[in-house]
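Biologist: I would like to learn how to read a model like this one. Could we take it feature by feature?

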Amino acid sequence: MKRLCIIAAAATLFAAPALAQDNNQGNNNADTITIGMTESQTGALNVDSVAQQRGAEMWRDEVNAAGGIKVSGKSYQVKFVTYDDQSVGGRVQQLYTRLIIQDKAQFLFSPYSSGLSAPAAVISEQYGKIMLVGGGAEGKPFELGNKYLFQVITSADHYLSGAVEALTAKNPHAKIAMVYSDDPFSKTVLAAAKAQAQKAGLEVVMDESYAPSTTDFGPIVNKIISSNADAFLGGGHYPDGATLARQMYDQKANLKWVSILVAPGDEKFGTLGPGALGITVPSQWEIQVSYKPQFGPTTAEFAKAFQAKYNALADYHSASGYSSGAILQHAIEQAGSIDPDQVAAALNAMDVTTFFGEVKFATDPAHHGLQIAHQMVLAQWQMTDGKLGRQVVWPTAAQSADLIYPIPPATH
Amino acid sequence: MLGIIASLIDGVLVGLVYGLAAMGLTLIWGVMDVINLTHGAMIVGGMFALYLLVSALGVPPYWCLPPVLIGGFLVGAALYWVAVHRMIGRPPLMSLLSTFAVNLVLIGIGTGVWGTALFNVAVSLPGVSIGRYTFPGAHILAAVLAAVIAAALYLFLHHTRLGKALRAVANNREAAELVGIPTTRLLAIAVGCGVSLAGVSGMLIGTLFPFTVLSGDGYQLKSFIVTVLGGFGNPVGALLGGVALGLLEGAVTPFVPVSWTLVIEFVLFVLVLIAFPGGIFASRRGAL
């Protein structure tokens, strides 16, 4: 028995790398474009990262079904090589190096989140590979003189611009409590929002960050109540934002305005029930927006196909994942080449609209690759026909429902 | 001023639940010198048991307590045979590694099944308001239940034959065997009780906050702090340690930026380790 176990273990040891090689080895033939990326299949970023990846995979499958990417009369099938980064920054650099050297990825998509995209960008740039950033809003990597890094989504500096504008329109004397996760993305977003709020004449009565591992926000909510704030801007990523929302409701903080980052952008946020009602979330894209795409699907087509393929509602993470692919495809086709410098030149010249919105990259050396055209919307959890869901409430030109202000007080 | 008092009360309420979670960890350590690194996963197990019972079977949230208590015990007894039994008497690192491995397996299965998506169990209980500050009913009830379960554990350990036998095993396993106590069975019962407490505390936390498969890490860390504060191997001390931690969080937050709370917590943690290496409320080693 023992001998059998040893043989089985040895066989596994030898067989496993061979199988992995079969799956992942960059077997680039002339008619394939290999795109490398990591996905947080496990760890804290799993939900948003998987959504982003699904969007990208849907683009890949559609492109391949339509005959591939056409470059100067030749068609290239798209192949993905993906690894699990476990939501850990330390894994990203190893894996992107592997994607480039071992798997021979010709183009790269970023991991999800600012925290993981920044270390990946160091590697992509070092090897001169184009990387489209679909899930990292922080602007810092674009101030480092990178030439091959392109941001598909609105940068963190503008995340809460719409919320500040809408709040100012409703209450020019609002007193804001800002409480946010102590991570680069949230800090950048709230620092910019604070400057915008103060410029608009709003008063910031509380400005504090919390450790991402915080489990109980009870004392923090009491502090918000003590600050006499009537508006709240903050949050961070996923469980913390939802816990904050629930505890503000349970403890009857009765704020007239609550904007929370990221967490309310997920469908599961609706499970908070009345605690979700009235909460706004800055969103890169919502199912209700209706941009006129110059290429690729419309919002309705994308949302329907996504629902059919994954039996899940499309959100902005999946839309940004798809858009990264569509934009890269457009750039390659415009360049008529898969040479990184020629594709980068096409991306620099790009000024287009897709179902995801406008896309244009900064070309000045101080901000090269930063997204400068895409606009965010503000979504609010509202009750429509007895069902809780997100509605676009800002800007008014894109709104699908009127903004509810103030949020109805907790009635429990 | 009212805000500070509210934060302190809030701290005590949540602290009792932290204390209950830590009791599970410290009980296992007290009886067999094993640090159970599946503790966080078991807390999450309690949360998901609550979610599944409430959402799938429509069980009222607090009626989930008995099944979680019993289910936790059975899971704990199984854990003993899988990961602990063969490590008893070996260097502590062995049991640390084996329970850590089981923890990774459980978290991996959980992530595979549920992802790291958010789950919320809505509990609607009237709260108590003092001025503008409200103490949610679920927090009050969770604290009361935590205190009652802790008292029941104390009575069990000190006033039942089985409890006394457990303490005897903790005190001197060889002597306990000599007087005819089936120590192996009792060790399995101790792990069962420890995991059961972790599951129940997870269930109670699930009535307070939304959670994900990964939520256990934060509570496991808190359980370690509480255990050190309360004294390793001392369940009653763990409850007091939990209240102390909750009070500390409540007392610090109104005065300093919230990002400093964790720093202050860990500075105190280190100071306690220096001043009281066995914990503030440490009992005589092995006395439970």
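Modeller: Start with the domains, and keep in mind that this is a predicted model. In chain A, the assignment gives domain 1 as 2-154 + 290-360 and domain 2 as 158-283 + 377-398.

Biologist: How many Å separate the centres of domain 1 and domain 2 of chain A?

Modeller: Taken over C-alpha atoms, the centres are 31 Å apart. The two domains also touch: 12 residues of domain 1 of chain A are in contact with 11 residues of domain 2 of chain A. On the domain 1 side, five of these residues are nonpolar, five are polar and two are charged.

Biologist: What about the contact between the chains?

Modeller: In general, the size of an interface is often given as the accessible area lost when the parts come together. Here we can count residues instead: chain A gives 36 and chain B gives 33.

Biologist: Which elements give two or more residues to the side of chain A that touches chain B?

Modeller: They are α2 (46-65), β8 (203-210), α7 (218-226) and α8 (239-250) of chain A. The most comes from α7(A), with seven residues. By class, this side of chain A has 13 nonpolar, 14 polar and nine charged residues.

Biologist: At what angle do helix α5 and helix α6 of chain B pack?

Modeller: The angle between α5 (residues 137-159) and α6 (residues 161-171) of chain B is about 80°, and their axes are 5 Å apart. Angles of 65 to 115 degrees count as roughly perpendicular, so α5(B) is roughly perpendicular to α6(B).

Biologist: Which residues make the contact?

Modeller: From α5(B) come F156(B), L157(B), H158(B) and H159(B), and from α6(B) come G163(B), L166(B) and R167(B). Three of the contact residues are nonpolar, three are polar and one is charged.

Notes: Residues numbered from 1 in each chain as written. Chains lettered and ligands numbered in written order. Predicted model: local features only at pLDDT ≥ 70, side-chain atom pairs only at ≥ 80, totals over all residues. Domains from an automatic or database assignment. Contact = placed C-beta atoms within 7 Å. Nonpolar A, V, L, I, M, F, W, Y, C, P; charged D, E, K, R; others polar. Helix = DSSP H or I, 4+ residues; strand = E, 2+ residues; numbered from the N terminus. Axes fitted to C-alpha atoms, helices over the stretch in contact; angles between N-to-C directions. Parallel < 35°, antiparallel > 145°, perpendicular 65-115°, else oblique.
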